[in-house]
Amino acid sequence: MQTTQYHWSEIGVCAEVSYFESEASLNEVVEYHVMLHVLPAKDLFEAQYDRLRKAEALLFQEPKLQGMQVVLKRVFLSDAANQASFLPNEVCLSCIQQPPLDGSKIAEWLYLQKGSQVSHQKGCVVVDHNGYRHLFQGRMLCSSGDSYTQTKTLLAQYGTTLQGFSATLSDHCLRTWFFVRDVDTQYAGLVKARREYFAEQGLNAHTHFIASTGIGGVPESGNAIVQMGAYALMGVVPEQLRYLQALSHMSPTAQYGVTFERGTLVEYGDRAQIFVSGTASIDSQGQVMHVGDIVGQTKRMWENVECLLAEGNAGLEDIAQMIVYLRDGADYVVVKDMFEREFPGVPKVITLAPICRPSWLIEMECIAVVHRDNSKYRNF
């Protein structure tokens, strides 16, 4: 991955940018990940959001980003109940209350592509290129029932959406995100509902699960306990997919009753993409390591992520973007310094978001993109 940064001091916004340009094809698809950070200026949310929108416009005027199309946006809010109404109703946009810990009220992750056909269909962002079809959906909400009922409802609704594209959850969904209000009390219902629904769809420890993050986050709707986002891929053959476990460092998730893959790899002719699930400081027996030690947990988390990437013939240097979740905002200064030293320039955001086990102080997810030269598969 290559990285660059843009600083617009006149509006107080900076952008961390990574990009992947294939070496294999003149008709390549270029991928960009961007993390936009609003520099705190003691202003209200509306003013910060206005500065962020101006930065988006300036971003697309940069020579390297001209012609890019937005595939998805995720906005991290400090107070969703009072801020979400300012955001437009765009298919590509989702938002969640996970306060950025740099003191701002908003941050934004953008995933951009050039060379693809991007459209909006049936509530999804649909990306078509070279015989592949990608389906992105966010902002899935349910406003009635407990966490178990809402999760079951959301998964069933998502299954219906996929059917509209002649796709299924078991064959085509590669990545999910579950944001849970009060994760310490509500996560168990999500886990139970997901496990039951996956079993109904034929997904179990002997087949495969789906890469996922299940993390604390407050949905924009006051009655919603769970918010869901998902990514599905059509047009691949089964051999292009591989599920990463890093068993030398982490236990199978089913060992402690949850049903997700540690990571999922997709092989293309010119590149591979790796989707690393929410990963924390865990050992091969499923136990939390370095209890109470934020530095120790951060280092072990990196080690686990590195092991997952290595299983996919990639490394930490191939990470295109990352989202870091902290249980205790007081750990931000220490963690920020560690990440800046280890991953300078890589698009990242550090948010306040409790992890599903109280003794886990930190969790991260990431996407990596690495060059390939594989004539068995079509290019991305």
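These exercises look at salt bridges and one helix contact in a predicted model.

Residues are numbered from 1 along each chain as its sequence is written. In this predicted model, local features need pLDDT of at least 70, side-chain atom pairs count only at pLDDT 80 or more, and totals for chains, interfaces and linings use all residues, while side-chain values use heavy atoms, with hydrogens and water left out.

**Exercise 1.** Find how many salt bridges there are, then place the pair K73 and E56 in the chain.

*Solution.*
Step 1. Start with the rule: a salt bridge is a side-chain nitrogen of Lys or Arg within 4 Å of a carboxyl oxygen of Asp or Glu. The count is 18 salt bridges.
Step 2. Check the pair. K73 and E56 form a salt bridge, at 3.2 Å from N to O.
Step 3. Place both ends. K73 sits in strand β4 (residues 69-77), and E56 in helix α1 (residues 45-59). They are 17 residues apart, so the pair links distant parts of the chain. Helices (H or I, at least four residues) and strands (E, at least two) are DSSP runs, numbered from the N terminus.

**Exercise 2.** State whether K73 and E56 are buried or exposed.

*Solution.*
Step 1. Recall the cut-offs: buried means under 20% relative accessible area, exposed over 50%, partly exposed in between (1.4 Å probe, protein chains only).
Step 2. K73 has 9%, so K73 is buried. E56 has 13%, so E56 is buried.

**Exercise 3.** Trace the salt bridges of E196 to K152 and K192.

*Solution.*
Step 1. K152 and E196 meet at 3.3 Å, N to O. K152 lies in helix α3 (residues 147-163) and E196 in helix α5 (residues 183-200), so this bridge ties together parts 44 residues apart in sequence.
Step 2. K152 is buried at 19%, whereas E196 is partly exposed at 26%.
Step 3. K192 and E196 meet at 2.7 Å, N to O. Both lie in helix α5, four residues apart, about one turn of the helix.
Step 4. Shared partners join K152, K192, E196 and E200 into one network.

**Exercise 4.** Describe how α3 and α5 cross, and what kinds of residue make the contact.

*Solution.*
Step 1. The axes (lines fitted to C-alpha atoms, for helices over the stretch in contact) come within 7 Å. They cross at roughly 35°, on a scale from 0 to 180 degrees between N-to-C directions.
Step 2. Contact means heavy atoms within 4.5 Å. Among the residues making it are K152 and L155 of α3, and K192 and E196 of α5.
Step 3. Sort the contact residues: seven are nonpolar, five polar and five charged. Here Ala, Val, Leu, Ile, Met, Phe, Trp, Tyr, Cys and Pro count as nonpolar, Asp, Glu, Lys and Arg as charged, and the others, Gly among them, as polar.
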